[in-house]
Amino acid sequence: MLAPEVEARPWAGQLDVDDAQYRAQLTYLFEHSAFYREKLGAAGFASDRAAGGLQDIAQLPLTDKSELRAACTPANPIGTHLCAKPSEIVRIYSTSGTTGAPSFVPLTAGDLDSWVTASARSYAASGIAAGQRIVSTYNAGPFVAGAALAAFDRIGLCHIPVGTGNTERLLLAIELLRPEAVVMTPSYAAHLVDAAAERNIDLRSSTVVRVLVAGEPGGGEPTFRAKLEEGWGAKVTEAMGIGDIGVSLWGECEEQHGMHLGARGFVHPELVEPETGRALELDDGASGELVLTHLQHRAAPLLRFRTRDHVEVRTNPCACGRTSPRVRCIGRTDDMLIVRGVNVFPSAVREVVSAFAPEVSGHILVKPRSPGVKQDPPLPVSVELAPGKTPEAALAEAICDRLRNVLVVQTSVDLVPWGSLRRSEYKSKLVEH
Ligand SMILES: [Zn+2]
């Protein structure tokens, strides 16, 4: 543990510390954030005192990404939630939003430091330690993932940035520089298993013993993870953040039972029902949309920000000694479809289908027949076959049956030849509207 006095503090004690920070953050918001003065005022909270403490937080309105976008003007391209003076801002990242123009994420020196501190705790949870080598493949550039790279310096690693998109260079760096770890998206980790096999390179015999995945959900799906661990001969753990709140806020430990909150003390986590926004208890086994609140942010703090990440929560004790709740991301609520009242995540469909390996490649594409979230059954799913396999009606039927039994969804499965679904080296697309 990088900071055992923080990471192993009993969670109830953390909430006491956080309550004081939260009240101070609310005072700061009422003083400096035009966005929150207006939003909270409209919801009937005229002052920080009226808004109460952490135990009252669920009374306050949620913040949606679209509201932040709507608060941007050419004169104020960051938005009215900007609190700090221009002279206090030391970095401005962009989020690689899936919808339209990027949005800007400003940080003060203190904000940047807490991002790096949290990210370092999250990555260190995986077991990588000072003196080891890590190859990174983030094409971070303007994007918040760039801040995660500073976390590797903080841990004391030898960082070898290689970037995405040049498989030869990456495989050569692994062979010649002999790193203990690599960090990449789960899609890219899977792509490299195939790419290495095509070149007769055995990743299992490389020096890499840890594959750290982040940037998209999927690294925690058991079948997909097993495939990655088999292909790399290495332990796979994942990390997760959300651009507007912080990079690598969560990081999984060597027990591999979900990601701990590395950003504890900087960020307060909540769970809500995605359809209604109703607050849910952060209990063991609960699932819902993750909502995050900054506790000591200065540049553009957010309150009850909807992450659109659908997570499952674990609060039972973890053998590593870290006491924060853990999460596993099931998928993006943006990708979620509702088929006859049942929530369906494309990543969950992929998980079920992947169990049919070695018949299938593990690549799928969900193709909803109508726009929007609500879909009538059957839901069309293209399932890619493994190399050299031919489509068999019995296999399609077996996949349909398994999807109906496990996910309670009626699908029509179309078996397509190996290589026919588009690959993305960075993040895979599972739905095509
Ligand atoms: Zn743990």
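The protein chain we are looking at has twelve helices and 20 strands, where helices (H or I, at least four residues) and strands (E, at least two) are DSSP runs, numbered from the N terminus. Before going on, I should say that this is a predicted model, in which local features need pLDDT of at least 70 and side-chain atom pairs count only at pLDDT 80 or more, while totals for chains, interfaces and linings use all residues. Residues are numbered from 1 along each chain as its sequence is written, and side-chain values use heavy atoms, with hydrogens and water left out.

Let me start with the chain as a whole. For 433 residues, a compact globule would be expected to have a radius of gyration near 22 Å, and the protein chain has 22 Å, so the two agree; the radius is taken over C-alpha atoms, and the globule rule is 2.2 Å times the number of residues to the power 0.38. Along the principal axes, the C-alpha atoms fill a box of roughly 65 × 55 × 45 Å.

Of the 433 residues in the protein chain, 54% are buried, a word that here means under 20% relative accessible area, with exposed meaning over 50% and partly exposed in between (1.4 Å probe, protein chains only). The accessible surface of the protein chain comes to about 18,400 Å², and 53% of that belongs to carbon and sulfur atoms; these areas come from the Shrake-Rupley method with a 1.4 Å probe, and for residues only the protein chains shown count as cover.

If we take the contacts in the protein chain with a separation of 6 or more, residues 24 or more positions apart account for 67% of them, a contact being heavy atoms within 4.5 Å. As for charge, there are 43 positive and 51 negative side chains, and the centres of the two sets lie 2 Å apart. In that count Lys and Arg are positive and Asp and Glu negative, with His and the chain ends not counted, and the place of a charge is taken as NZ of Lys, CZ of Arg, CG of Asp or CD of Glu.

Now to helix α2, which covers residues 11–32. How far should its 22 residues span at 1.5 Å a residue? The expected value is 32 Å, and the end C-alpha atoms are 30 Å apart, which agrees; the expected span is 1.5 Å times one less than the number of residues. The buried residues of α2 include W11, D18, Y22 and F30, and among the elements that cover the buried residues of this helix are α1 (4–7), α3 (34–42), β10 (267–272) and β12 (287–294). A12 is also in helix α2, but A12 counts as exposed because its relative accessibility is 55%. Between A12 and S324 there are 9.6 Å in space, C-alpha to C-alpha, although they are 312 residues apart in sequence.

Next comes C83, in the loop between α5 (65–70) and β1 (89–95). With a relative accessible area of 11%, C83 is buried. Which residues does C83 touch, not counting residues up to four places away in sequence? They are Y28, H32, S33, R298, A299 and P301, and Y28 is itself one of the buried residues of α2.

I would then point to some backbone details, for which the background is that most residues other than glycine have a negative phi, and most peptide bonds are trans. The peptide bond from A357 to P358 is cis, with omega near 10°, and P358 is found in the loop between α11 (346–354) and β17 (360–366). Another cis peptide bond joins P377 and P378, with omega about -5°, and P378 lies in the loop between β18 (374–375) and β19 (379–385).

Turning to phi, R308 has a positive value near 65°; R308 is placed in strand β13 (residues 305–314) and, at 24% relative accessibility, counts as partly exposed. R340 has a positive phi of about 45° although it is not a glycine, and this residue sits in the loop between β15 (337–339) and β16 (342–344), where R340 is exposed at 67%.

I will end with helix α9 (residues 186–198), which holds H191 as well as Y188. Y188 is buried, with a relative accessible area of 1%, whereas H191 is partly exposed at 24%.
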